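Grab your favourite viewer and a coffee. Below is a short set of exercises with worked solutions.

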Amino acid sequence: MLRALILLAVPTVILALGRTQSVGVKGQLICEDKPAVGVKIKIYDEDKLSPDELMVSGKTDSSGRFDLKGSADEFTSIEPKINIYHDCDDGIKPCQRKITVYIPSQYISSGKDPKKIFDFGTLQLAGKFSGETRDCLN
């Protein structure tokens, strides 16, 4: 029984020892020169040995703008990425187009609140992107 308790407690202790890191991203999405309204955006910490950890999610506003800030606890540096899920210039194809953009490491901050925000700029979603995939379960 003691051995089982120790095995359950160790992962909790290990997670508690990780350091909190954060990232922030802002930008605007457009579709065929109009604001891309209600587009889902998620920031993940990409993990090699386990599922990626969702840091924060949100949607673009009526102007196609977004401003997201999230954090994760990790022993090593986080590897943040933005996933954008949209249907711009997609016809009636099933699922959504998914674009992934990695956030440069200089925008990672220690603590819960990012000290520097990555300005994503404006992205025209109607184009085709290298590495673009489709996602039905976002």
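The exercises go from the overall fold down to single residues, and the model they use is a predicted one.

**Exercise 1. Lay out the chain.**
Work out how many helices and strands the chain has, and in what order they come.

*Solution.*
Step 1: count the elements, which gives 1 helix and 10 strands.
Step 2: walk from the N terminus and write down each element as you meet it; you get α-β-β-β-β-β-β-β-β-β-β.
Step 3: check burial, and 39% of the 138 residues turn out to be buried.
Step 4: take the contacts between residues at least 6 apart in sequence, and 68% of them join residues at least 24 apart.

**Exercise 2. Build the sheet.**
Find the strand order of the open sheet of 5 strands, and say which strands sit at its edges.

*Solution.*
Step 1: follow the pairing across the sheet, and the order reads E4-E3-E6-E7-E10, with antiparallel pairing.
Step 2: look for strands that pair on one side only; these are the edge strands, E4 (53-59) and E10 (133-135).
Step 3: get the turn between neighbours, which averages 30° with direction ignored.
Step 4: zoom in on E6 (residues 80-86) and E7, an antiparallel couple joined by 6 bridges. One place to see this is His86, whose bridge partner in E7 is Arg97.
Step 5: move on to E7 and E10, also antiparallel, with 3 bridges between them. Here Gln96 stands opposite Asp135 in E10.

**Exercise 3. Place one residue in the sheet.**
Is Val101 buried, partly exposed or exposed, and what does Val101 touch beyond its sequence neighbours?

*Solution.*
Step 1: locate Val101, which belongs to strand E7.
Step 2: read its relative accessibility, 22%; buried would need under 20%, so Val101 counts as partly exposed.
Step 3: leave out residues up to four places away in sequence, and the contacts of Val101 are Lys81, Ile82 and Phe120.
Step 4: compare sequence with space for one of those contacts: Val101 and Ile82 are 19 residues apart along the chain, but their C-alpha atoms are 5.2 Å apart.
Step 5: keep a general point in mind as you look at the side chains: in a regular strand they alternate between the two faces of the sheet.

**Exercise 4. Classify an aromatic pair.**
Decide what kind of aromatic pair Tyr107 and Phe118 form, and which parts of the chain the pair ties together.

*Solution.*
Step 1: search the whole structure for aromatic pairs; there are 2.
Step 2: take Tyr107 and Phe118, whose ring centres are 5.1 Å apart with 65° between the planes. Planes over 60 degrees apart count as edge-to-face, so that is the label for Tyr107 and Phe118.
Step 3: map the pair onto the chain. Tyr107 is in the loop between strand E7 (96-102) and strand E8 (109-110), while Phe118 is in strand E9 (residues 117-124), so the pair ties together parts 11 residues apart in sequence.
Step 4: check burial for both partners. Tyr107 is buried at 17% relative accessible area, and Phe118 is buried too, at 15%.
Step 5: look at the Tyr107 ring once more, and you'll find the charged end of Lys116 sitting over the ring, 4.9 Å from its centre.

**Exercise 5. Follow a serine.**
Which backbone atom does the side chain of Ser109 reach, and which residues does Ser109 touch?

*Solution.*
Step 1: find Ser109 in strand E8.
Step 2: read its relative accessibility, 7%, so Ser109 counts as buried.
Step 3: trace the side chain of Ser109 to the backbone nitrogen of Lys115, at 2.8 Å.
Step 4: list the contacts, leaving out residues up to four places away in sequence: Thr20, Gln21, Ser22, Pro114, Lys115 and Lys116.

**Exercise 6. Check some positive phi values.**
Where are Asp89 and Cys95 found, and what are their phi values near?

*Solution.*
Step 1: place Asp89 in the loop between E6 and E7; Cys95 is in the loop between E6 and E7 as well.
Step 2: read the angles. Phi of Asp89 is near 50°, and phi of Cys95 is near 70°; each is a positive value in a residue other than glycine.
Step 3: add exposure. Asp89 is partly exposed at 40% relative accessibility, and Cys95 is partly exposed at 26%.

Notes. Residues numbered from 1 in each chain as written. Predicted model: local features only at pLDDT ≥ 70, side-chain atom pairs only at ≥ 80, totals over all residues. Heavy atoms only, no water. Phe/Tyr/Trp six-rings, centres within 6.5 Å; stacked < 30°, edge-to-face > 60°. Helix = DSSP H or I, 4+ residues; strand = E, 2+ residues; numbered from the N terminus. Buried < 20%, exposed > 50% of the residue type's maximum accessible area, 1.4 Å probe, protein only. Lys NZ or Arg CZ within 6 Å of the ring centre and 35° of its normal. Pairing = 2+ DSSP bridges. Axes fitted to C-alpha atoms, helices over the stretch in contact; angles between N-to-C directions. Polar contact = N/O pair within 3.5 Å; in protein donor to acceptor, adjacent residues only side chain to side chain. Contact = heavy atoms within 4.5 Å.
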